[in-house]
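Q: Please take a close look at one part of this model, and then place that part in its surroundings. Keep it brisk.

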2 protein chains.
Amino acid sequence: MAEKMADKIAPEMASDTGLKSAARPRKEMIAETKAKLIAAARHAFARQGYAEASMDDFTAGAGLTRGALYHHFGDKKGLLMAVIMQMDAEMSDRLSAISSRAETPWQAFVDECVAFIEMSLEPEIQRIMLLDGPAVLGDPSQWPNQSACIRATTASLQKLIDQGTIRPVDAEATARLVNGATLSAALWIANAEDPDAVSKKAVEVFLTLVSGLLVER
Amino acid sequence: MAEKMADKIAPEMASDTGLKSAARPRKEMIAETKAKLIAAARHAFARQGYAEASMDDFTAGAGLTRGALYHHFGDKKGLLMAVIMQMDAEMSDRLSAISSRAETPWQAFVDECVAFIEMSLEPEIQRIMLLDGPAVLGDPSQWPNQSACIRATTASLQKLIDQGTIRPVDAEATARLVNGATLSAALWIANAEDPDAVSKKAVEVFLTLVSGLLVER
DNA sequence: TACCTTACATACGCGGCGTATGTAAGTCCT
DNA sequence: AGGACTTACATACGCCGCGTATGTAAGGTA
């Protein structure tokens, strides 16, 4: 007990003394491999679909093996969940950026919905978030992240309710239904032979529908 | 289009020349095995999901083997398609029966939508038609059957437009968006901890949204 | 009756998933 | 500092499920 402090030199040395490489902190390396796996899986899932994407293949593409995958994510579903959470966060960011640029809350809401449709046209989002995600992981509203972009829409709607622009409905319920409508619109548009024409129709109908929310139209 | 009718008409003339007797006609046997396979797959897909359902298992449950399945349906996806077409036809029948009972076209439309939500709560429909179907087969609007129940809704809407109850929007587009909204509502309700409360909210919002379609509310 | 076609069953190979095991590198505790 | 323990992967193995190629028996046809 007496010689306790004699060699009490802090072992967490000056880590980055200019030359990085070899001895980077462990947490960073782990985060990097996780990120690499998520990125590789994301590409594979988007291009081939969840079921057809081989874990051996895309882990090898990331310079790793399935061992790393199972260690960090448990199984294939766990990786999908991680991919989805990442994408959901990105979508949420994009949506809030868009709505913050709008001049009125109503415009913000409409812009968000249109942006959601546009994002849903991106093959990666459509395939992973809208098709494989629900099939493999179940109802999106039960996902851990609780669909951040749904919450964004909910918030926009709540503002509109508070300021008396739209009727006092339940904001979350409205967000979910509107989201569902935009989603099916996006699927329809993306697979149509004439996307532009279909898109026009869909937006027109969409605006007609949400006009039902307005206190006065 | 035309070739479907062609190969249906041709071979049926010679079929019953009076004495089929002991052994039943071949077409009937085939139809029966097909029906058995579809029924077995339908149960398996509903209970375990498409990906987890083993073809060996449920064909054996029907007293057959995978050989029969590949002969009649080509592959697992082909069987899923057959199952979906069967279920879609059933749903379409139920919907048109409901709408024909309504007293006004508007009520028919609303009843149909509510019925669609209720049907989507059934685990079999939810799992096969709403989750696995789109993930495995792609956008439902591209399915051969072209979603019979979408067409039912489209027809109801067209009536409402013709009689001037709702604004002159595109009927099909409206049917698709409304369908998407009801679908997400159903998923939400089915997985909620308090389905009754959620259901009430969803219906209320739904009615508010479609009120936007009305010429005068 | 003999031939041909059809409707399955059987047999086989491959690829993917999950797990059990190995190993090197990092971390902690005197 | 040094060892013991833990962590982060890679490697190896077995199982299962799919698709296909092949066999076979039962209609249908002349």
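The part to examine is the contact between chain A and chain B, followed by the chain around it.

A: This is a predicted model: local features need pLDDT of at least 70, side-chain atom pairs count only at pLDDT 80 or more, and totals for chains, interfaces and linings use all residues. Residues are numbered from 1 along each chain as its sequence is written, while chains are lettered from A and ligands numbered from 1 in the order in which they are written.

Start with the contact itself. Chain A gives 35 residues and chain B gives 35 residues. Two residues are in contact if their C-beta atoms, placed from the backbone, lie within 7 Å. On the chain A side, the elements that give two or more residues are helix H6 (123-137), helix H8 (171-191) and helix H9 (195-210). H8(A) gives the most, with 13 residues. Helices here are DSSP runs (H or I, at least four residues), strands are runs of E of at least two, and both are numbered from the N terminus. By class, this side has 18 nonpolar, 10 polar and 7 charged residues. Ala, Val, Leu, Ile, Met, Phe, Trp, Tyr, Cys and Pro count as nonpolar; Asp, Glu, Lys and Arg count as charged; the others, Gly among them, are polar.

Now the symmetry. A rotation of 180 degrees, with 0.0 Å of shift along its axis, superposes chain A on chain B at an RMSD of 0.0 Å. That is the relation of a two-fold axis. The fit is by least squares on the C-alpha atoms of residues with pLDDT of at least 70 in both copies. Gly212(A) has the C-alpha nearest the axis in chain A, 1.7 Å from it. The same surface serves both copies, as 100% of the contact residues of chain A recur in chain B.

Leu177(B) shows the contact residue by residue. Not counting residues up to four places away in sequence, Leu177(B) touches Ala181(A), Ser184(A), Ala185(A), Ala202(A), Val205(A), Phe206(A) and Leu209(A). The largest nonpolar core has 114 residues, and Leu177(A) and Leu177(B) have the most contacts inside it. Such a core is a set of buried Ala, Val, Leu, Ile, Met, Phe, Trp, Tyr and Cys residues joined through C-beta atoms within 7 Å. A residue is buried if 20 or more other C-beta atoms lie within 10 Å of its own, exposed if 12 or fewer, and partly exposed in between, with C-beta atoms placed from the backbone.

Next, a helix that packs against H8(A). Helix H7 (residues 148-162) of chain A has 15 residues. H7(A) reaches 21 Å from its first C-alpha to its last, close to the 21 Å expected at 1.5 Å a residue; that expected span is 1.5 Å times one less than the number of residues. Its buried residues, including Cys149(A), Ile150(A), Leu157(A) and Leu160(A), pack against helix H4 (76-101), helix H5 (105-121) and H8 of chain A. Just after H7(A), Gly164(A) takes a positive phi of about 80 degrees.

Finally, the whole chain. Chain A has 9 helices and 0 strands. Of its 217 residues, 39% count as buried. The chain is divided into domain 1 (25-74) and domain 2 (81-213), with bounds from an automatic or database domain assignment. Taken over C-alpha atoms, the centres of these two domains of chain A are 28 Å apart. Between them, 8 residues of domain 1 are in contact with 9 residues of domain 2. Helix H1 (residues 26-48) of chain A gives the most to the domain 1 side, with 5 residues.
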